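Visitor: Please take a close look at one part for me: the ligand and what surrounds it. Begin with the helix packing, then move in to the atoms.

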Amino acid sequence: MKQNMPPRYSPPRGGGRVTWGASEFIKVHGAIVDRELRSLLRRRGGEPPGLLEAMSYSVFAGGKRFRPALVFAAARACGARPGWGARTAAALEMIHTYSLIHDDLPAMDDDDLRRGQPTNHKKYGEAMAILAGDGLLTDAFEALAEDALRSGLDARSAAELVRAVAAGAGSRGMVAGQAADLEAEGLGARPRRDAGRPGRAALAKRLEYIHLRKTAALLVASVEAGAILAKASPRQRAALRGYGRALGLAFQAADDVLDVVGDKAKLGKKGSDRENAKLTYASLYGVDAAAAKARAFAQEAHRHLKVFGRKAAILHELADYVVDRDY
Ligand code: GRG
């Protein structure tokens, strides 16, 4: 069987060992995943050009490629060769992109701008945006299966790979988080004594439920996918799941802070959580406490990596990146 060849690139070296910063790692591996995405989104025959254009528009609209970086970094921590798993990394980015396209729809968050550009439905219309999301989600699973075949993964691991990603994306994962988020609309408004509004502890629990699914579940799926490709041990996989959960909460708490105080031009959106009375870490605790929470979650993510020793250097960098980023 044809092997999944690692790409050619030279990681920076310092004193004989590889020294990546998070941004550099994301940039270099972003280029690898972009190549894979271009290959996946080329005309394969039979697809209407308008559909392919709408799918490509959002995939190449300037996303950070954070989930692919997690796939690569987790695979490295579990002993895989550099750059291993590019097609799986691309699949995770396709699922992420579908979720953003659908999240922006009028029936959901109703946003006009994403990454500083018109949202998919603003450019191609609602029906095509829905189909572009459907296409990306479904094709992602084809890409996962292709990666399993190309890399000669055994049948059990291949099934595990598909199961882990489906669980992260589906009705107990990201879609559950989105549904719970919809149901929590209005809960971010200032408390009124007689409004029958849940107390702070109940709201905190609800917020954690939402973010563990809406944001963390796909990050967990990304590190799990990298681990499965690298034939990780059950102990390594459990540690990575813990890391992914804490990382997701850190990511979302940092996002909530950026929505209030971030540079709108850099973020490429206007920051609408407050306007929409969204339940967020910032609305529940205030901006400073939300930022402190993001750092505490990142610390928790670091603690989960103990089992990997120095092999997890990049995963540590990515945990710091999540709270230090400004977009
Ligand atoms: C099934 C109709 C239907 C809709 C589902 C699941 C879903 C839509 C939406 C949830 C997706 C969502 C908005 C999750 C929040 C995760 C998050 C913080 C996304 C932003 O991630 P970044 O900053 O984005 O990595 P970039 O732009 O860099 O790729």
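Guide: The axes of α4 and α8 cross at roughly 20 degrees and come within 12 Å of each other. Angles under 35 degrees count as roughly parallel, so α4 runs roughly parallel to α8. The crossing of these two helices, α4 and α8, is right-handed. Keep in mind that this is a predicted model.

Now take a second pair. Helix α3 spans residues 66–77, and its axis comes within 12 Å of the axis of α10. Here the crossing angle is roughly 150 degrees. The cut-off for roughly antiparallel is over 145 degrees, so α3 is roughly antiparallel to α10. α3 also passes α10 in a right-handed crossing.

Next, the shell around the ligand. Four helices each supply at least two of its residues: α4 (86–104), α8 (174–183), α9 (200–229) and α10 (234–261). Both members of the first pair, α4 and α8, are on that list. So is α10 from the second pair. α4 gives the largest share, with six residues.

What is the make-up of this shell by class? Seven residues are polar, six are charged and five are nonpolar.

Now the residues themselves. The ligand has 18 residues around it. Those that come nearest are Lys64, Arg67, His96, Arg115 and Gln178.

Three of these names return at the atomic level. In the side chain of Lys64, an N or O atom sits 2.5 Å from an oxygen atom of the ligand. For Arg67, a polar side-chain atom is 2.8 Å from a ligand oxygen. For Arg115, the distance from a polar side-chain atom to an oxygen of the ligand is 2.7 Å. How much of the ligand's accessible area does the protein cover? On its own, the ligand has 750 Å² of accessible area, and the protein covers 86% of that.

Note on methods:
Residues numbered from 1 in each chain as written. Predicted model: local features only at pLDDT ≥ 70, side-chain atom pairs only at ≥ 80, totals over all residues. Heavy atoms only, no water. Near = heavy atom within 4 Å. Polar contact = N/O pair within 3.5 Å; in protein donor to acceptor, adjacent residues only side chain to side chain. Areas by Shrake-Rupley, 256 points an atom, 1.4 Å probe, with all protein chains shown as cover. Nonpolar A, V, L, I, M, F, W, Y, C, P; charged D, E, K, R; others polar. Axes fitted to C-alpha atoms, helices over the stretch in contact; angles between N-to-C directions. Parallel < 35°, antiparallel > 145°, perpendicular 65-115°, else oblique. Left-handed = near helix turned anticlockwise from the far one by under 90°.
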